[in-house]
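Got your viewer open? Load the model and get ready to click along.

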Amino acid sequence: MPLYDYQCASCEHRMEALQKISAAPLTDCPACQAPALKKLLSVPGFRLSGNGWYETDFKTGAKKNLAGGDKAD
């Protein structure tokens with residue numbers, strides 16, 4: 001389940017909540033009980049970088065370079 005960041009527009013209280021993707025956003029602030037929580041944009045905890053890591057990691061020999069494979073002349 002993803003971790004979401006929230007901030008109260010009323011008292012500026014910040015919090016994290018572990019919720020299902022399909023769950024409705026939280027609205028009530030636990031600090032001041034005002035219905036003013038807003039979901040914040042946050043950076044994921046991992047980043048996929050590089051070029052073709054999924055293509056070559058578990059392949060051997062001639063199967064390694066599928067994207068630039070043999071072209072028919």
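Start with the sheet in this predicted model. Show the strands as arrows and you'll find an open sheet of 3 strands, in the order β2-β1-β3, with antiparallel pairing. What holds strands like these side by side? Strands of a sheet pair through backbone hydrogen bonds, either parallel or antiparallel.

Now pick out the edges: select 14-18 for β2 and 37-39 for β3. Each of these edge strands pairs on one side only. Tilt the view a bit as well: neighbouring strands of this sheet are turned by 35 degrees against each other on average, ignoring direction.

Next, select residues 3-8, which is strand β1. How many bridges join β1 to β2? Count 5, with the two strands running antiparallel. To see one pairing for yourself, click glutamine 7 and then arginine 14, its bridge partner in β2.

Time for the cysteines. Select cysteine 11, cysteine 29 and cysteine 32, and show their side chains. How many disulfides does the structure hold? The count is 0. Let's see why, beginning with cysteine 29: its closest cysteine sulfur belongs to cysteine 11 and sits 3.7 Å away, which is too far for a bond, because a disulfide needs the two sulfurs within 2.5 Å.

Move on to cysteine 32. This residue is in no disulfide either, and its nearest cysteine sulfur, again that of cysteine 11, is 3.7 Å away.

Last stop: turn on the surface. Is cysteine 29 buried or exposed? Cysteine 29 has 2% relative accessibility, so it counts as buried. Cysteine 32, at 31% relative accessibility, counts as partly exposed.

Technical notes
Residues are numbered from 1 along each chain as its sequence is written. This is a predicted model: local features need pLDDT of at least 70, side-chain atom pairs count only at pLDDT 80 or more; totals for chains, interfaces and linings use all residues. Side-chain values use heavy atoms; hydrogens and water are left out. Buried means under 20% relative accessible area, exposed over 50%, partly exposed in between (1.4 Å probe, protein chains only). Two strands pair if DSSP finds at least two bridges between them. Helices (H or I, at least four residues) and strands (E, at least two) are DSSP runs, numbered from the N terminus. Axes are lines fitted to C-alpha atoms, for helices over the stretch in contact, and angles run from 0 to 180 degrees between N-to-C directions.
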